[in-house]
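This report looks at charged side-chain pairs and at enclosed space in one protein model. The sequence and the structure come before the discussion.

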Amino acid sequence: MINEMTIDVRVRYAECDAQRVAHHSVFPVWMEMARPELLRANGLSYRECEDRGVLFVVVRLSVNYRRSAVYDDVLSIDVKTTNVGRVKLEHDYTFRRGDEVLATAATTRACVDREGKLRPVPEQMLLR
């Protein structure tokens, strides 16, 4: 299993405040862009999971901001699967502009069925 990767995003004008600084609320959106790409790199998509009745809900999200991202910056977002439990997945994120770390973050997601009941994480998502 591939447990880490990097994607690049460009800070869009709509993601910024009047000073052209990326709003703090967009960091979770960027995390949501990186995580499915990691899943896809392992031969599975969110759509396939949903079609199988496997859903993931965020139960914890934290972001530590260090520096601002500004309009038109190109950011690298590192996403890494750090833990896979029976019913949960944990990921860490690092947001960089070049070598400069702008923020770090972490999420925990629970695996549930369509009724919201906990279910085991699919086999192909387990760390080896």
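How exposed is Arg 10, in terms of relative accessible area? The model examined here is a predicted one, and in this model Arg 10 has a relative accessible area of 46%, so it counts as partly exposed.

**Salt bridges**

Side chains of opposite charge can pair when their charged atoms come close. The structure holds 9 salt bridges, and three of these pairs are set out in the table with the separation of their N and O atoms.

| Acidic residue | Basic residue | N to O distance |
|---|---|---|
| Asp 72 | Arg 10 | 3.2 Å |
| Glu 15 | Arg 12 | 2.4 Å |
| Glu 90 | Lys 88 | 3.1 Å |

In the pair formed by Asp 72 and Arg 10, the closest N and O atoms are 3.2 Å apart. Because Asp 72 belongs to the loop between β2 (55-65) and β3 (74-84) while Arg 10 belongs to strand β1 (residues 4-10), this pair ties together parts that are 62 residues apart in sequence. Asp 72 has a relative accessibility of 40% and therefore counts as partly exposed, and Arg 10, at 46%, is likewise partly exposed.

The salt bridge between Glu 15 and Arg 12, with 2.4 Å from N to O, brings together a buried residue, Glu 15, whose relative accessible area is 9%, and a partly exposed one, Arg 12, whose relative accessibility is 46%. In the pair of Lys 88 and Glu 90, where the closest N and O atoms are 3.1 Å apart, Lys 88 is partly exposed at 33% relative accessibility, whereas Glu 90 has a relative accessible area of 18% and is buried, because the limit for that class is under 20%. Elsewhere, Arg 67, Asp 73, Arg 97 and Glu 100 are joined into one network by salt bridges that share partners.

**Enclosed space**

By the rule applied, the model contains 1 cavity of 30 Å³ or more, and the largest cavity holds about 120 Å³ of space. Its lining consists of 13 residues, and those lying nearest the centre are Met 1, Leu 39, Thr 81, His 91 and Met 125. The elements that contribute two or more residues to this lining are α1 (26-41) and β4 (88-97), with α1 giving the most, namely 3 residues. Sorted by class, the lining of the largest cavity comprises 7 nonpolar, 4 polar and 2 charged residues.

How values were computed:
Residues numbered from 1 in each chain as written. Predicted model: local features only at pLDDT ≥ 70, side-chain atom pairs only at ≥ 80, totals over all residues. Heavy atoms only, no water. 1 Å grid on protein atoms, 1.4 Å probe; cavity = no way out; pocket = protein on both sides within 12 Å on 5 of 7 lines; lining within 4 Å. Points joined across faces, edges and corners; volume = space filled by probe spheres on them. Helix = DSSP H or I, 4+ residues; strand = E, 2+ residues; numbered from the N terminus. Nonpolar A, V, L, I, M, F, W, Y, C, P; charged D, E, K, R; others polar. Salt bridge = Lys/Arg side-chain N within 4 Å of Asp/Glu carboxyl O. Buried < 20%, exposed > 50% of the residue type's maximum accessible area, 1.4 Å probe, protein only.
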